Amino acid sequence: GVEAILDELKEEFDYIICDSPAGIEQGAQLAMYFADEAVVVTNPEVSSVRDSDRVLGLLNSKTKRAETKGVEPVKAQVLLTRHDKSRIESGEMMTVQDVLEILAVPLLGIIPESPAVLRASNLGTPLALDAPSAARTAYEDAVARLTGETVEIRVDDVLKSTTETDGTYT
């Protein structure tokens with residue numbers, strides 16, 4: 001039934017976003033099976049990156065695109081959340097480059113750790129409707145990149161660049 005619903009929605013919408021539970025359980029597998037593109041959300045902690053690597057493996061092997069000969073694979077990108085410069089510098093978290101080397105997919109964006117995210121979650125309201133914050137801007141920029149706009153990545157108020165071909169981050 002999922003495929004029929006998605007086919008119907010494709011007639012009316014340019015984008016259909018299917019959120020899934022974290023990890024590699026059945027719910028995540030059902031959400032990714034018919035994907036054309038995937039945004040793999042992870043944070044710079046070893047367990048999260050390992051789970052994301054497994055999800056990328058499933059995208060490359062257990063999706064309709066992977067099972068269909070002659071069809072491009074699912075286009076995957078990583079969205080790095082909970083970025084905290086001080087925790088990275090102290091060695092509590094992985095660097096962005098370390099995450100990208102392990103996952104080997106392009107970087108969609110970096111979302112900084114922010115009390116605004118927790119506040120929006122606790123209130124049950126979208127961050128996009130909250131007061132301006134670095135996290136809100138980072139999410140808006142990631143959406144712009146996802147829809148094809150060229151927007152540089154800003155981390156800790158410093159513009160960074162990525163290359164489309166290999167996802168390296170400088």
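Select Asp7, Glu8, Glu11 and Glu12 first: in this predicted model, these four residues form a negatively charged patch on the surface. Of the four, Glu8 can be placed in helix 1, which covers residues 2–10. Its relative accessibility is 60%, so Glu8 counts as exposed.

Stay on helix 1 and select Glu3 together with Lys64. Their side chains form a salt bridge, with an N to O distance of 2.3 Å. Glu3 belongs to helix 1 and Lys64 to helix 4 (residues 64–67), so this contact ties together parts that are 61 residues apart in sequence. Both ends are partly exposed: Glu3 has 31% relative accessibility, and Lys64 has a relative accessible area of 35%.

The structure holds 7 salt bridges, and two others are worth a stop. Select Arg54 and Asp51, whose side chains meet at 2.7 Å, N to O. The two residues are 3 apart in helix 3, so about one helical turn separates them. Arg54 is partly exposed at 42% relative accessible area, and Asp51 is partly exposed at 32%.

Next, move to helix 8 (residues 134–146) and select Arg136 and Glu140. This pair forms a salt bridge in which the closest N and O atoms are 3.0 Å apart. Arg136 and Glu140 are 4 residues apart in the helix, which again amounts to about one helical turn. Glu140 has a relative accessible area of 39% and is partly exposed.

Now go to the interior. Which residues touch the most other members of the largest nonpolar core? Select Leu56, Leu59, Leu103, Leu107 and Ile110; the core has 24 residues. To see where its members come from, colour helix 2 (26–32), strand 1 (37–42), helix 3 (46–61), strand 2 (75–83), helix 6 (96–103), strand 3 and strand 4 (153–155), each of which supplies at least two residues. Helix 3 gives the most, with 5 residues. A second core, separate from this one, has 9 residues, among them Leu108, Leu127, Ala135 and Ala142. As background, nonpolar side chains in soluble globular proteins tend to be buried together.

Keep Ile110 selected. Is Ile110 buried or exposed? At 4% relative accessibility it counts as buried, because the limit for buried is under 20%. Ile110 sits in strand 3, residues 107–112. Add Val78 to the selection and take the C-alpha to C-alpha distance: Ile110 and Val78 are 8.9 Å apart in space and 32 residues apart in sequence.

The last stops concern the backbone. Most residues other than glycine have a negative phi. Select Arg82, in strand 2. Its phi is near 60°, a positive value in a residue other than glycine. Arg82 is partly exposed, with a relative accessible area of 38%.

Then select Ala104, which is in the loop between helix 6 and strand 3. Phi of Ala104 is near 55°, also positive in a residue that is not glycine. With a relative accessibility of 58%, Ala104 counts as exposed.

Terms used: Residues numbered from 1 in each chain as written. Predicted model: local features only at pLDDT ≥ 70, side-chain atom pairs only at ≥ 80, totals over all residues. Heavy atoms only, no water. Patch = residues over 30% accessible without salt bridge, like charges linked within 9 Å, V, L, I, M, F, W, Y side chains within 5 Å. Areas by Shrake-Rupley, 256 points an atom, 1.4 Å probe, with all protein chains shown as cover. Lys, Arg positive; Asp, Glu negative; His and termini not counted. Charge placed at Lys NZ, Arg CZ, Asp CG, Glu CD. Buried < 20%, exposed > 50% of the residue type's maximum accessible area, 1.4 Å probe, protein only. Core = buried A, V, L, I, M, F, W, Y, C linked by side-chain atoms within 4.5 Å.
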